[in-house]
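Here are a few quick notes from my read-through. Have a look at the structure first, then see whether you agree.

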Amino acid sequence: MSTKIRLTDDLDACMAIRFTVFVDEQGVPAEIEHDDYDAVARHLLATQNGKPVGTARIVLQGRSAKIGRVAVLKEARGTGLGAALVRACEKEMSKLGGVDETILTAQVSALGFYEKLGYVAEGDEFDDAGIPHLLMRRPLR
């Protein structure tokens with residue numbers, strides 16, 4: 001199976017994956033899934049044999065870069081694609097210069113996934129779209 005992760009301008013493909021995962025599967029309201037950050041973010045798209053199966057975005061916030069909207073379709077879960085997407089985001093951030101750390105807001109159910117990638121949770125749990133989240137950080141190496 002040929003898997004590729006690349007920067008993309010194909011926001012429609014990214015949004016289709018996000019809507020499937022966040023709106024259809026997790027019940028996030030459709031009207032808040034697409035936001036103003038989509039216009040300024042760097043979007044990554046993962047394909048397997050040419051079919052879009054995963055996405056993530058990077059939003060610069062001063063000397064930090066925020067990874068967000070990490071979504072992998074069911075058929076590609078458990079393959080390491082989610083971790084590969086996060087690492088691809090980090091690689092893109094390291095090319096930018098001036099970025100010292102990666103931040104993200106993780107669903108509490110995904111904390112273990114991000115901890116294995118070196119992220120550390122901080123602060124109090126908060127609600128985002130009806131789902132408990134925590135802020136996580138990792139120095140960019």
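1. Why is the sulfur of C89 in no bond with the closest cysteine sulfur, in C14? Keep in mind that this is a predicted model. The two sulfurs sit 10 Å apart, which is too far for a bond; a disulfide would need them within 2.5 Å.

2. Seen from the other side, C14 is in no disulfide either, and the nearest cysteine sulfur to it is that of C89. The tally for the structure is zero disulfides.

3. Both cysteines are tucked away from the surface. C14 counts as buried because its relative accessibility is 0%. C89 is also buried, since its relative accessibility comes out at 0%.

4. On to the largest pocket, which holds about 930 Å³ of space. Its lining is made up of 39 residues, and those nearest the centre are F22, V70, A71, Q107 and Y114.

5. Which element gives the most to that lining? Strand 4 does, with seven residues. Several other elements supply at least two residues each, among them helix 1 (11–25), helix 3 (81–96), strand 3 (51–61) and strand 5 (101–107). Helix 2 (30–33), helix 4 (111–116) and strand 7 (131–139) also belong on that list.

6. As for chemistry, the lining of the largest pocket divides into 20 nonpolar residues, 11 polar ones and eight charged ones. Worth keeping that split in view when you look at the five residues nearest the centre, F22, V70, A71, Q107 and Y114.

Technical notes. Residues are numbered from 1 along each chain as its sequence is written. This is a predicted model: local features need pLDDT of at least 70, side-chain atom pairs count only at pLDDT 80 or more; totals for chains, interfaces and linings use all residues. Side-chain values use heavy atoms; hydrogens and water are left out. Buried means under 20% relative accessible area, exposed over 50%, partly exposed in between (1.4 Å probe, protein chains only). On a 1 Å grid over the protein atoms alone, a cavity is a set of points where a 1.4 Å probe fits but cannot get out, and a pocket is an open set with protein on both sides within 12 Å along at least five of seven lines; lining residues have an atom within 4 Å of a point. Grid points are joined across faces, edges and corners, and a volume is the space filled by probe spheres set on the points. Helices (H or I, at least four residues) and strands (E, at least two) are DSSP runs, numbered from the N terminus. Ala, Val, Leu, Ile, Met, Phe, Trp, Tyr, Cys and Pro count as nonpolar, Asp, Glu, Lys and Arg as charged, and the others, Gly among them, as polar.
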